[in-house]
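Good morning, colleagues. Please bring up the sequence and the model on your screens, and I shall take you through the packing.

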Amino acid sequence: MADDHPVLLAGMECLLSAISDVSVAGLAKNSTELVDLLALHDIDVALIDFCMPEGKYGDGIALLRFLMRRFPRIRLVVVTGVESVQVLQNIQKITIDVIVSKADHHDCLEAAIRYAYYRNRYLSPEIHKLLEQGLLQAKGKEGMPLSKREMEVLRMYAEGCSVIDIGKRVGRSRKTISSQKISAMRKLGLQTDSEIYAYAMASGLIVSTQVSRCRS
């Protein structure tokens, strides 16, 4: 199991250790520790937090793709607090079939492990609800594609640039940049800055290990 929150990691270990036919092979706080564990142990299923900023192998979609290439036999379960429909859909597009929300009941972890072990598809109730909502939203404004400038603003914002920084770099007013950011978030169904970062990472706009901070 891999998660950058020690308390959550310990909680999952406690829950799964109580299941008679499940053995916890190891815990990892970042992608470096995770890859080391997968290389050392004979592991059937790996539970992986989608957002783990530390570690030399990155996180998000880039990490999942790397693990699928490096350890094709291991079944991957994504455990995430991300609520962005776009991010969840991007996870599915790379053929990750088992996704669990951190907002779900802890029983979902055991179900996810069993479904993954037998290579079956499983979406926890919260993930299923979010994706269903996304299908409905796609019929409205959220389904509209981003403009080139909206995509540019979203990328730089995810890299750590403020609205003022972006305006100075591209020669547009703060008000214009703010409007483009809001428009992009509305189209994508994003609510928070963390969801912007998760979307940018999952869609390939940025790589977490290469995020740069803007300087005025």
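I shall speak about the nonpolar cores, then about pairs of helices, and then about a few single residues.

Please bear in mind throughout that this is a predicted model.

Let me begin with the cores. As general background, nonpolar side chains in soluble globular proteins tend to be buried together. In this model, the largest nonpolar core holds 53 residues. Which residues have the most contacts inside this core? They are Ile 48, Phe 50, Leu 64, Leu 67 and Ile 91. Helix α10 gives this core its largest share, namely six residues. Apart from this core lies another one, of 18 residues, and Val 77, Val 98, Ala 112 and Ile 113 are among them.

Ile 48 deserves a moment of its own. Setting aside its neighbours within four places in sequence, Ile 48 is in contact with Ala 2, with Leu 34, with Leu 63, Leu 64 and Leu 67, and with Leu 76, Val 77, Val 78 and Val 79. Leu 64 and Leu 67, in that list, also appear among the residues with the most contacts inside the largest core.

I turn now to helix α3, which spans residues 60-70. Which residues of α3 are buried? They are Gly 60, Ile 61, Leu 63, Leu 64, Phe 66 and Leu 67. The cover over these buried residues includes the helices α2, α4 and α10, together with β1 (45-49) and β2 (75-80).

Of these neighbours, let us take α2, which covers residues 31-40. The axes of α2 and α3 come within 12 Å and cross at roughly 15 degrees. An angle under 35 degrees counts as roughly parallel, and α2 is therefore roughly parallel to α3. The contact joins Ser 31, Leu 34, Val 35 and Leu 38 of α2 to Leu 63, Phe 66, Leu 67 and Arg 70 of α3. Sorted by class, this contact of α2 with α3 has six nonpolar residues, one polar and one charged. The crossing of α2 past α3 is right-handed.

Ser 31 belongs to that contact. Is Ser 31 buried or exposed? Ser 31 counts as buried because its relative accessibility is 0%. Beyond its neighbours within four places in sequence, Ser 31 is in contact with Met 52, Glu 54, Gly 55, Lys 56, Tyr 57, Gly 58 and Leu 63. Ser 31 and Asp 49 are 18 residues apart in sequence, and their C-alpha atoms are 9.7 Å apart in space.

The next pair is α4, residues 85-93, and α10, residues 193-202. Their axes come within 9 Å and cross at roughly 25 degrees. It follows that α4 is roughly parallel to α10. In this pair, α4 passes α10 in a left-handed crossing. Gln 86, Val 87 and Asn 90 of α4 meet Ala 198, Tyr 199 and Ala 202 of α10. By class, the contact of α4 with α10 has four nonpolar residues, two polar and no charged ones.

Helix α10 has a further role in the cover of α7, residues 148-158. The buried residues of α7 are Glu 150, Val 153, Leu 154, Met 156, Tyr 157 and Ala 158. What covers them includes α8 (163-170), α9 (174-188) and α10. After α7 comes Gly 160, with a positive phi near 115 degrees.

The last pair has another geometry. How do the axes of α1, residues 6-17, and α5, residues 107-117, cross? They come within 10 Å and cross at roughly 70 degrees. The two helices α1 and α5 are therefore roughly perpendicular to each other. Their crossing is right-handed. Here Met 12, Leu 15 and Leu 16 of α1 meet Leu 109, Glu 110 and Ile 113 of α5. By class, the contact of α1 with α5 has five nonpolar residues, no polar ones and one charged.

I close with Ala 116, which lies in α5. Ala 116 has a relative accessible area of 4%, so this residue is buried. Leaving aside its neighbours within four places in sequence, Ala 116 is in contact with Val 45, Arg 75, Val 77 and Val 98. Val 77 and Val 98 also belong to the core of 18 residues. Ala 116 and Ile 99 are 17 residues apart in sequence and 9.7 Å apart in space, C-alpha to C-alpha.

Thank you for your attention.

Note on methods. Residues are numbered from 1 along each chain as its sequence is written. This is a predicted model: local features need pLDDT of at least 70, side-chain atom pairs count only at pLDDT 80 or more; totals for chains, interfaces and linings use all residues. Side-chain values use heavy atoms; hydrogens and water are left out. Axes are lines fitted to C-alpha atoms, for helices over the stretch in contact, and angles run from 0 to 180 degrees between N-to-C directions. Helices (H or I, at least four residues) and strands (E, at least two) are DSSP runs, numbered from the N terminus. Angles under 35 degrees count as roughly parallel, over 145 as roughly antiparallel, 65 to 115 as roughly perpendicular and the rest as oblique. A crossing is left-handed if the near helix is turned anticlockwise from the far one by less than a right angle, and right-handed if clockwise. Contact means heavy atoms within 4.5 Å. Ala, Val, Leu, Ile, Met, Phe, Trp, Tyr, Cys and Pro count as nonpolar, Asp, Glu, Lys and Arg as charged, and the others, Gly among them, as polar. A nonpolar core is a set of buried Ala, Val, Leu, Ile, Met, Phe, Trp, Tyr and Cys residues joined through side-chain atoms within 4.5 Å. Buried means under 20% relative accessible area, exposed over 50%, partly exposed in between (1.4 Å probe, protein chains only).
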